[in-house]
Amino acid sequence: MMDDGGKSDRPIVPTKRPNKTATAVAEGVEGRGLTEGNEVEQNAARAQHRITAHSALDRVRERARRDKDAKFTALLHHVTIDRLREAFRGLRRNASPGIDEVTWVQYGEQLEDNLRELHARLHRGAYRAKPSKRAYIPKADGRQRPLGIASLEDKVVQRAIVEVMNAIYEQDFLGFSYGFRPGRSQHHALDALAVGIGSRPVNWVLDADIRGFFDAIDHGWLVKFVEHRIGDRRVVRLIQKWLSAGVMEEGRWTASTVGAPQGATVSPLLANIYLHYVLDLWVHQWRRRHARGELIIVRYADDFAVGFEYEEDGRRFLDDLRGRLRGFGLELHDDKTRLIEFGRRANANRRARGDRGAAATFTFLGFVHLCGRSRRGRFLLTRRTDPKRMRATLKAISMALKRRRHDPVPEQGKWLGSVVRGYFAYFAVPTNSQIMARFRSEVIRHWRRHLCQRSQRHRLNWQRMKRLANRWIPPARVQHPYPEARFRVRYPR
């Protein structure tokens, strides 16, 4: 396909790598000083451009903060070559290529030429979004999650546009929204939920799940929501191009009339915009107009939990929520949406009614939340790893060990240690130490089984295996503070 100026829409990628490729890429992409004899480039000027670009976005942020009704009609000029370059550098270097089969290294070999040509196509309207390449990853429940892998240039442009749009929407998004936002993480959402349940009179929790959210986003409503703040038709058209680019799977193109592809760089921001108008603002108004008692909410992307002081509030909220979502093409997953009695008085209330069992539990962001007790007998929100998540991780580790069975033991140990450290970095929270120790033991058991299968005459007894595990696999230790401590640091008031 040819653009308006007669140039190819495909990035400039040489069929043969130039000599000293590693050096050229390191110099041109990582921002190091150029060696003598290479094309002259003023690093000081580039740094000055970055400062100017950031200050320009600061003015956008300030106006968005001061004027909640302002419409921004000139945004695309913030997508400069410098911003595209920074977006390229922020991409994963080993990510799977899209349908264009262009990798990060290939694009970086003639980075400046590629970026200049991409920038020119963007600003004269000749840029065309490519379809996403369909891929699947396993979910904890055994099903497959569809992903859309964008082409490299689409990733670069989307990342640059997201940075510009974030300058506006970070001033609009409400405090209980945590998913895919700068400076916010899953643990910040978990901390907020724990502090809300522990410090507020929460007696009921709505554990809600939106059925196939990313696949159900209505394009018409999404564009209307974007146009509340974005008046630059060029940016709106870019978003429409990405939404309607379609998906390629096994050589067949499928049109996209609804939904946003999971895996696309722009999709998390578009999802937050959609739920900001459909859910967040509505909850904020519902809490002021209809709630009799306390109401707390924490949302991470399409996963959210709502706490109530009174059961009547929870049931009325759930009924109203169903109607609200239905009006925008969304629906709750009936099997995964429950209003349960939960909180500091839940166990006592059950005993008073003659119920012998413990209070119900709910799962949020990979943790099962339980009503526990501290050593002093006080209420303690207890969090344990979701068993489905742990079984899925152990299964994946076992399959990987089977493929690595005949690798040298130090290589296996180094890889396995990095996997366990990453797992602990997320799940090693207070009240979850026993589950972490169990996970470590299961990893060691899987590793020993695969090592023993290398030979029928192995001599790997448990004493030797213990020494091997202690050398390579980190111990199970709590790596996060209690939620209240970290929450107070972030929000001193």
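Two strands pair if DSSP finds at least two bridges between them. With that in hand, here's a chat about this predicted model.

Reader: Which residue does Glu-249 stand opposite in strand 5?
Author: Start with the strands: strand 4 covers residues 247-249, and strand 4 pairs with strand 5 in the antiparallel sense. That pairing runs over three bridges, and the cut-off for pairing is at least two. Across from Glu-249, in strand 5, you'll find Arg-252.

Reader: Which strands sit at the edges of the open sheet?
Author: Four strands make up this open sheet, with mixed pairing and the order 2-1-4-5. An edge strand here pairs on one side only. That picks out strand 2 (144-149) and strand 5 (252-254).

Reader: What does the twist average from one strand to the next?
Author: We're still on the open sheet with the order 2-1-4-5. Going from one strand to the next, the twist averages 40 degrees.

Reader: How many of the 14 residues in helix 7 are buried?
Author: Helix 7 takes in residues 186-199 and reaches 20 Å from its first C-alpha to its last, close to the 20 Å expected. Buried means under 20% relative accessible area. His-187, Asp-191 and Ile-197 are among the residues of helix 7 that pass. Helix 7 is mostly covered, and the count is 11.

Reader: What share of the exposed area do carbon and sulfur atoms supply?
Author: Of the 493 residues in the protein chain, 47% are buried. The protein chain still exposes about 25,600 Å². Carbon and sulfur atoms supply 48%.

Key:
Residues are numbered from 1 along each chain as its sequence is written. This is a predicted model: local features need pLDDT of at least 70, side-chain atom pairs count only at pLDDT 80 or more; totals for chains, interfaces and linings use all residues. Side-chain values use heavy atoms; hydrogens and water are left out. Helices (H or I, at least four residues) and strands (E, at least two) are DSSP runs, numbered from the N terminus. The expected span of a helix is 1.5 Å times one less than its number of residues. Buried means under 20% relative accessible area, exposed over 50%, partly exposed in between (1.4 Å probe, protein chains only). Axes are lines fitted to C-alpha atoms, for helices over the stretch in contact, and angles run from 0 to 180 degrees between N-to-C directions. Accessible areas come from the Shrake-Rupley method with a 1.4 Å probe; for residues, only the protein chains shown count as cover.
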